[in-house]
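Visitor: I am new to this structure. Please show it to me, and then I will ask how its descriptions are justified.

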Amino acid sequence: MSTAAEHYERHLGPVYVWMTGGAEAGLRAGSAEIEALGLPAVRGAVVLDLGAGFGTHAIPLARRGARVTAIDSSAELLRTLTELCGDLPIRAVNDDLLAFQAHLVEAPSAILCMGDTITHLPNFGSVEELVERAAAHLAPDGVFVVSFRDYSVPLRGEQRFIPVRSDAARILTCFLEYDPEAVLVHDIIHERTSDGWDTRVSHYRKLRLSPERLTDCIQRNGFNVRREADMRGMVRLVAQRVLAAPSSSIAEERNGAGVT
Ligand SMILES: C[S@@+](CC[C@H](N)C(=O)[O-])C[C@H]1O[C@@H](n2cnc3c(N)ncnc32)[C@H](O)[C@@H]1O
């Protein structure tokens with residue numbers, strides 16, 4: 001089994017943009033997701049995109065005027081992001097997302113961890129660390145957004161074979177195997193060569209993170225959480241800080257906190 005970083009470096013990174021239907025389609029989808037989120041488009045706002053990939057969300061955010069720090073452990077995907085972003089105000093950082101605070105120059109108004117990135121963390125303890133650090137470093141009225149696949153209910157039998165994308169030259173199929181804490185994701189790539197088909201397989205581990213458990217963790221760190229379904233069939237949690245209120249209205253504020 002590979003680590004997530006190895007899997008992206010050796011296997012998925014080189015076909016990632018193709019997998020999403022090409023850069024233009026990927027950025028269009030990312031832009032629609034950013035619009036759906038309804039974040040205020042404040043020129044110069046600082047936004048942190050954790051596991052930014054090739055800029056699916058970072059580039060649309062920067063086009064709306066944000067200054068984005070895009071962190072990812074895949075040098076290859078960050079190279080593509082840098083090529084695509086031109087003069088947009090995006091700082092690409094090759095690091096582990098849990099080290100994000102080392103790259104902050106000011107408190108971000110939004111921290112995003114979208115597109116099933118959070119499930120790449122090794123265990124629930126790391127998820128808790130991420131949420132605690134987001135709570136500690138966000139601006140007072142900041143928003144924390146996470147979108148991820150809910151693998152808590154296992155697929156069975158042939159449902160576990162997922163055709164991701166195919167064209168005349170390449171086929172990508174995903175196969176899922178479950179253990180109690182994680183799902184083993186096997187990415188099977190067939191590529192046409194002059195001699196026929198070349199097949200490569202690699203697998204890595206993703207967390208089976210339940211939306212309820214993550215919601216509870218985010219709420220415990222002082223956020224109100226709104227739960228939505230995104231366009232890619234993922235769960236999206238939009239967490240807004242519970243603002244400090246005058247002592248007389250604290251009870252009222254607490255009553256308002258919760259999943260909507
Ligand atoms: C499924 S992709 C999502 C990319 C992008 N956010 C999107 O929505 O299209 C997950 C990304 O997270 C990155 N990644 C996984 N684990 C990471 C970690 N611990 N630190 C930083 N990046 C990580 C991968 O390299 C990959 O680019």
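Guide: Helix 1 gives the largest share of the lining of the largest pocket, namely six residues. Keep in mind that this is a predicted model.

Visitor: What makes a residue part of the lining of the largest pocket?

Guide: A lining residue has an atom within 4 Å of a grid point of the pocket. For the largest pocket, 50 residues count as lining, and Tyr 8, Gly 115, Asp 116, His 120 and Lys 206 are the closest to its centre. Helix 1 (4-19), helix 2 (23-37) and strand 9 (196-207) are among the elements that each supply at least two residues of this lining.

Visitor: Which class of residue has 28 members in the lining of the largest pocket?

Guide: The nonpolar class has 28, beside 12 polar and 10 charged residues. The volume of this pocket is about 1,200 Å³.

Visitor: How do you know where the ligand sits?

Guide: A molecule sits in a pocket if more than half of its atoms lie within 2 Å of the pocket's grid points. The space that the ligand takes is the largest pocket.

Visitor: Why is the pair formed by Asp 96 and the ligand called a polar contact?

Guide: The cut-off for a pair of N or O atoms is 3.5 Å. A polar side-chain atom of Asp 96 is 3.2 Å from a nitrogen atom of the ligand, so the pair falls within the cut-off and counts as a polar contact. A backbone N or O atom of Leu 97 lies 2.8 Å from a ligand nitrogen atom, and a side-chain N or O atom of Arg 232 lies 2.9 Å from a ligand oxygen atom. Those two pairs therefore count as well. Taken alone, the ligand exposes 590 Å², of which the protein buries 95%.

Visitor: How many residues surround the ligand, and of what classes?

Guide: There are 19, with Gly 51, Thr 56, Asp 72, Leu 97 and Arg 232 the closest. This shell has six nonpolar, nine polar and four charged residues.

Technical notes. Residues numbered from 1 in each chain as written. Predicted model: local features only at pLDDT ≥ 70, side-chain atom pairs only at ≥ 80, totals over all residues. Heavy atoms only, no water. Near = heavy atom within 4 Å. Polar contact = N/O pair within 3.5 Å; in protein donor to acceptor, adjacent residues only side chain to side chain. Areas by Shrake-Rupley, 256 points an atom, 1.4 Å probe, with all protein chains shown as cover. 1 Å grid on protein atoms, 1.4 Å probe; cavity = no way out; pocket = protein on both sides within 12 Å on 5 of 7 lines; lining within 4 Å. Nonpolar A, V, L, I, M, F, W, Y, C, P; charged D, E, K, R; others polar. Points joined across faces, edges and corners; volume = space filled by probe spheres on them. Helix = DSSP H or I, 4+ residues; strand = E, 2+ residues; numbered from the N terminus.
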